Amino acid sequence: MTTWTRVPDTHPFSVHALPYGSFSMASDVTDEAGPDGPSRRRVGVAIGDQVLDLTSVTAELAPDLAATFADGTMDRLLAAGRPVWSRVRAAVVDWLTDPAFQTDVERHLLPLQDVVLHLPFDVADYVDFYASEHHATNLGRMFRPDQEPLTANWKHLPIGYHGRAGTIVPSGTPVQRPAGLRRGPDGDVTFGASARLDIETELGFVVGTSSTLGTPVPLEQFDQHVFGVCLVNDWSARDIQAFEYVPLGPFLGKSFATSIGHWVLPLEALEHARVRPPTRDVPLAHYLDDTLTGEWGLDIDFEVTLNGVVVSRPPFAPMYWTAAQQLAHMTINGAALRTGDFFASGTISGPEREQRGSLIELSWGGSEPLTLEDGSTRTFLEDGDEVLISASAPGPDGTRIGLGTVRGRITPNTQPTGE
């Protein structure tokens, strides 16, 4: 138990943020503990350097909501829909700001250092998009130097691919270097560990309420289905991907691991971050035309560190395609949404070199190595490298709110090469 205090608005996890996650008490977690053992999971809201245990506090202060958090994941909350999401957030704000609740709240506040954080929700399906014009243009210039950098369809629809939900892992999970087939500089095809392992700085969107098969979700219903956002690092094996992606796109070069942050920030926390997306210079199909709908561009600033050194600060505001357009595109053919569906923005890159959200861009395909503070250089990731991505967004009255972090360290691949 910790002492009830009002967290200052300058803290990234002030009362203006209130992201949700799943946790266990560190003192209860053992190798022998099963799903029903002493490491029972709970749902919490981050507030400052503490976590408010929603599984226990709702049983006391809002019994009719207790079942929503009883299983220790966000799944039931996600399925409950927008009216419940808003009611829970309003209740949490009251509990954390009204001194009348001080005695009650103190019993359910825990230091973050005393808890173990887990994957916050059960992932249903996973889709990754390709929404940054700057990122897509950079890759096009590298891979197709004698052609237009953007493919002919890029400004007509949000390009995406279906990923592997089962390899989405929580922040801090070690990432084993993947192995696969790749083409060497002499043209020979060999099997082995990826030599061009990369990061992709992304923002993920968590679907709450489901939709009916055959019924598209229009732009104006985006916030009725999407609960919130979390940070993403979509690790990429560029050499494996380059050999396999024609004609069907990413597969083994992407599916080995995608790291997401422990905290899911509600859309309601991002009201002050909403901005108009960039001007589109190609007419949009009716279901993607957002000129008369709500503004779902987001002014979020990211920071990427490699082994403790800041290597990039990508801005989200210039992203060409919004999450509302991506959701509309995902469902325009009648595809249904399920609670726990997850889709990511694609690599976030700005117009400047220091705003590129992947190493392939930062090192320009490996031809311009990065120099770190210790004098070492990088084109792509080496074993032992650790990447940490963080982000913040505007809050009310000039404040900033945090989105947490997503972290991962590369471990060696020990598979035999078969040679």
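Visitor: In which segment is L18 found?
Guide: This is a predicted model, in which local features need pLDDT of at least 70 and side-chain atom pairs count only at pLDDT 80 or more, while totals for chains, interfaces and linings use all residues. Residues are numbered from 1 along each chain as its sequence is written, and side-chain values use heavy atoms, with hydrogens and water left out. In that numbering, and with strands (E, at least two residues) and helices (H or I, at least four) taken as DSSP runs numbered from the N terminus, L18 is found in the segment before β1 (20-25).

Visitor: What is the phi of L18, and is the residue buried or exposed?
Guide: L18 is not a glycine, yet its phi is positive, at about 55°. With the cut-offs of under 20% relative accessible area for buried, over 50% for exposed and partly exposed in between (1.4 Å probe, protein chains only), the 2% relative accessible area of L18 makes this residue buried.

Visitor: What is the relative accessible area of W364?
Guide: W364, found in the loop between α9 (359-362) and β23 (370-371), is another residue that has a positive phi, about 45°, although it is not a glycine. W364 is partly exposed, and its relative accessible area is 24%.

Visitor: Which residue does a cis peptide bond join to V246?
Guide: The bond in question has an omega of about 10°. The partner of V246 lies in the loop between α7 and β16 (258-260), and the residue joined to V246 by this cis peptide bond is P247.

Visitor: Which are the edge strands of the open sheet of five strands?
Guide: The sheet has mixed pairing and the order β9-β26-β25-β20-β21, where two strands pair if DSSP finds at least two bridges between them. An edge strand here pairs on one side only, and the strands that do so are β9 (175-176) and β21 (309-312).

Visitor: Which residue is the bridge partner of P394 in β26?
Guide: Strand β25, residues 386-394, runs antiparallel to strand β26, residues 400-411, and eight bridges join the two. In β26, the bridge partner of P394 is R400.

Visitor: Which residue in the turn of the hairpin formed by β20 and β21 has a positive phi?
Guide: Strand β20, residues 301-306, is joined to β21 by three bridges, and these strands run antiparallel. Within this pairing, T305 stands opposite V310 in β21. Two residues lie between the strands of the hairpin, and the turn residue with a positive phi, about 55°, is N307.

Visitor: How many residues of helix α8 are buried?
Guide: Helix α8 spans residues 323-331 and is mostly covered. Its buried residues are A323, A324, Q325, Q326, L327, A328, M330 and T331. Of the nine residues of the helix, the number buried is eight.

Visitor: How far does helix α3 reach from its first C-alpha to its last?
Guide: Helix α3 covers residues 82-97, and among its buried residues are W85, V88, V92, W95 and L96, while R82 and R89 are also included in that buried set. The expected span of a helix is 1.5 Å times one less than its number of residues, and for the 16 residues of α3 the expected value is 22 Å. Close to this expectation, the reach of α3 from its first C-alpha to its last is 23 Å.
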